[in-house]
Amino acid sequence: MAKPVSIEVWNPHGKYRVVSTKPMPGTRWINLLMEQDCRVEICTQKKTILSVEDIIALIGDKCDGVIGQLTEDWGETLFSALSRAGGKAFSNMAVGYNNVDVNAANKYGVAIGNTPGVLTETTAELAASLSVSAARRIVEADEFMRAGLYDGWLPNLFVGNLLKGQTVGVIGAGRIGSAYARMMVEGFKMNLIYYDLYQATRLEKFVTAYAEFLKANGEQPVTWKRAASMEEVLREADVISLHPILDKTTYHLVNKERLAIMKKEAVLVNCSRGPVIDEVALVEHLKQNPMFRVGLDVFEDEPYMKPGLADLKNAIVVPHIASASKWTREGMATLAALNVLGKIKGYPIWSDPNQVEPFLNENAPPPAASPSIVNAKALGLPVSRL
Ligand SMILES: NC(=O)C1=CN([C@@H]2O[C@H](COP(=O)(O)OP(=O)(O)OC[C@H]3O[C@@H](n4cnc5c(N)ncnc54)[C@H](O)[C@@H]3O)[C@@H](O)[C@H]2O)C=CC1
Ligand SMILES: O=C(O)C(=O)CO
């Protein structure tokens, strides 16, 4: 039997019981739930990653919906517990949902929400920051200053890579990958090569238009190419950023063999999911190639790093903060709450999960719909006509 977990309760007499496994930023999400007759229970346990047993204890005997986190293992055990408690909805406070067994949720008729769109730019900005920081060795230089080692300007001190005119490679040119590509192309005038299962038409149009603008101003135009294989991107690009979802097709997408075909001075950035890179192979590659640099926001065995990674000067490591801007995190909480609320209230599903702005406008009530339910089709849920 799991120990009872500590909780904070809002609107104790609300008709529907909604549980959040973590305190989340802002209060709008709590208010929106309370206004619709929900009793909101927030787990305040001082434990970063809740176990399945902890969450079963939180669900209890009656629970209409749960807002959870990407660190939790939402599979058969939790969905059957939620279903037994009368629950019909779960939402990750994240766009990625590789921690959720959607087939198990389908079996119990539980709707699965995620939070796309609101974190696109914030995440892309961190990927861009890691790209520049790695290329220009900013973290190494900062450590050097703080260690009191700077004794004057030198021609060879922390020489890095110029981005302008170089090639940026994007693997997974979806929402975040495309936003990142635009930042690097427009901000640094880099040429683009990308690999995705689908054509990124809007991104291609953007780069074409930007190239025409540059040309009209007498500047060297940027170029773009959709690669036929991932290897083509790895071989040609100077900076490569990974933005696919994590599934069977992307597990260890970057492995020993693929690292070997990258340029010796390339920069590799990962703000997707840790297992997209074989981290043991990466540590070895970084040791053998000191001019190869990485910027990592995510790790294969999060929260742990593979042995040796933390000692390497050519690696920048940050603790999964890519979506951590105040506006985005508050928005993620709102979308997650509205996903759960929508299912409880029997609302339809928002027709375009890429256009979630109406849910984020603090000056107007949100539409009567669930912003993004990934298994809506499998559960036969109706789509909003709004
Ligand atoms: N580090 C962080 O804090 C964050 C991480 N993420 C991660 O980023 C991922 C992407 O998010 P979005 O851009 O919103 O999703 P998205 O669905 O818009 O983009 C994912 C892209 O990956 C492509 N893709 C899928 N399999 C592929 C393969 N085998 N090879 C190449 N491309 C492939 C898809 O076609 C799609 O275009 C999320 O699933 C999540 O895991 C998202 C937000 C924050
Ligand atoms: O949204 C996600 O998938 C994250 O990793 C955290 O923002």
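This report walks through two sheets, two ligand sites and two backbone details of a predicted model.

## The parallel sheet

Let's start with the sheet that has parallel pairing throughout its description: an open sheet of 7 strands in the order 9-8-7-10-11-12-13. At its edges stand strand 9 (224-226) and strand 13 (315-317). Each of these has a single partner strand, so one side of each is left without a neighbour in the sheet. From one strand to the next, the twist averages 15°.

For a look at one edge, follow strand 12 (residues 293-296) to strand 13: the two run parallel and are joined by 3 bridges. If you would like a specific pair to find on screen, Gly-295 has Ile-316 in strand 13 as its bridge partner.

## Helices on the parallel sheet

Helix 7 (residues 175-188) packs on this sheet, where it touches strand 7 (167-171), strand 8 (191-195) and strand 10 (239-242). The direction of helix 7 makes about 175° with that of strand 7.

Helix 11 (residues 279-288) lies across strand 11 (267-270), strand 12 and strand 13. Relative to strand 12, helix 11 runs at about 145°.

## The mixed sheet

The other sheet to explore is an open one of 6 strands, ordered 1-3-2-4-5-6, and its pairing is mixed. Strand 1 (7-10) and strand 6 (111-113) are the edge strands, each pairing on one side only. Here the twist averages 20° from one strand to the next.

Strand 1 pairs with strand 3 (residues 38-43) in the antiparallel sense, over 4 bridges. A handy pair to display is Glu-8 and its bridge partner in strand 3, Ile-42.

## Helices on the mixed sheet

Helix 1 (residues 28-35) packs on the sheet and touches strand 1, strand 2 (16-20), strand 3 and strand 4 (65-68). The angle between the directions of helix 1 and strand 3 is about 145°.

Helix 12 (residues 326-345) also packs on the sheet, touching strand 2, strand 3, strand 4, strand 5 (89-92) and strand 6. The direction of helix 12 makes about 165° with that of strand 5.

## The site of ligand 1

Which residues come nearest to ligand 1? Of the 26 residues around it, these are Arg-175, Ile-176, Asp-196, Cys-271 and Asp-297. By class, the shell holds 12 nonpolar, 10 polar and 4 charged residues.

Oxygen atoms of ligand 1 have polar partners in both backbone and side chain. A polar backbone atom of Ile-176 is 2.9 Å from an oxygen atom of the ligand, and a polar backbone atom of Gly-174 is 3.4 Å from one. From the side-chain set, a polar atom of His-320 lies 3.2 Å from an oxygen atom of ligand 1. On its own, ligand 1 has 870 Å² of accessible area, and the protein covers 89% of it.

## The site of ligand 2

Around ligand 2 you will find Leu-70, Ala-94, Val-95, Gly-96, Leu-119, Arg-273, His-320, Ser-323 and Met-332. This shell has 5 nonpolar, 3 polar and 1 charged residues.

His-320, which has a polar side-chain atom 3.2 Å from an oxygen atom of ligand 1, also has one 2.7 Å from an oxygen atom of ligand 2. An N or O atom in the side chain of Arg-273 is 2.7 Å from an oxygen atom of ligand 2. Gly-96 takes part through its backbone, with an N or O atom 2.9 Å from an oxygen atom of the ligand. The protein covers 90% of the 220 Å² of accessible area that ligand 2 has on its own.

## Two backbone details

Where is Pro-303 found? Pro-303 sits in the loop between strand 12 and strand 13. A cis peptide bond joins Glu-302 to Pro-303, with omega at about 10°.

The other detail is Asp-37, in the loop between helix 1 and strand 3. Although Asp-37 is not a glycine, it has a positive phi of about 70°.

Methods
Residues are numbered from 1 along each chain as its sequence is written. Chains are lettered from A and ligands numbered from 1 in the order in which they are written. This is a predicted model: local features need pLDDT of at least 70, side-chain atom pairs count only at pLDDT 80 or more; totals for chains, interfaces and linings use all residues. Side-chain values use heavy atoms; hydrogens and water are left out. A residue is near a molecule or strand if one of its heavy atoms lies within 4 Å of it. A polar contact is a pair of N or O atoms within 3.5 Å; within protein, one must be able to donate a hydrogen and the other to accept it, and residues adjacent in sequence count only if both atoms are side-chain atoms. Accessible areas come from the Shrake-Rupley method with a 1.4 Å probe; for residues, only the protein chains shown count as cover. Ala, Val, Leu, Ile, Met, Phe, Trp, Tyr, Cys and Pro count as nonpolar, Asp, Glu, Lys and Arg as charged, and the others, Gly among them, as polar. Two strands pair if DSSP finds at least two bridges between them. Axes are lines fitted to C-alpha atoms, for helices over the stretch in contact, and angles run from 0 to 180 degrees between N-to-C directions. Contact means heavy atoms within 4.5 Å.
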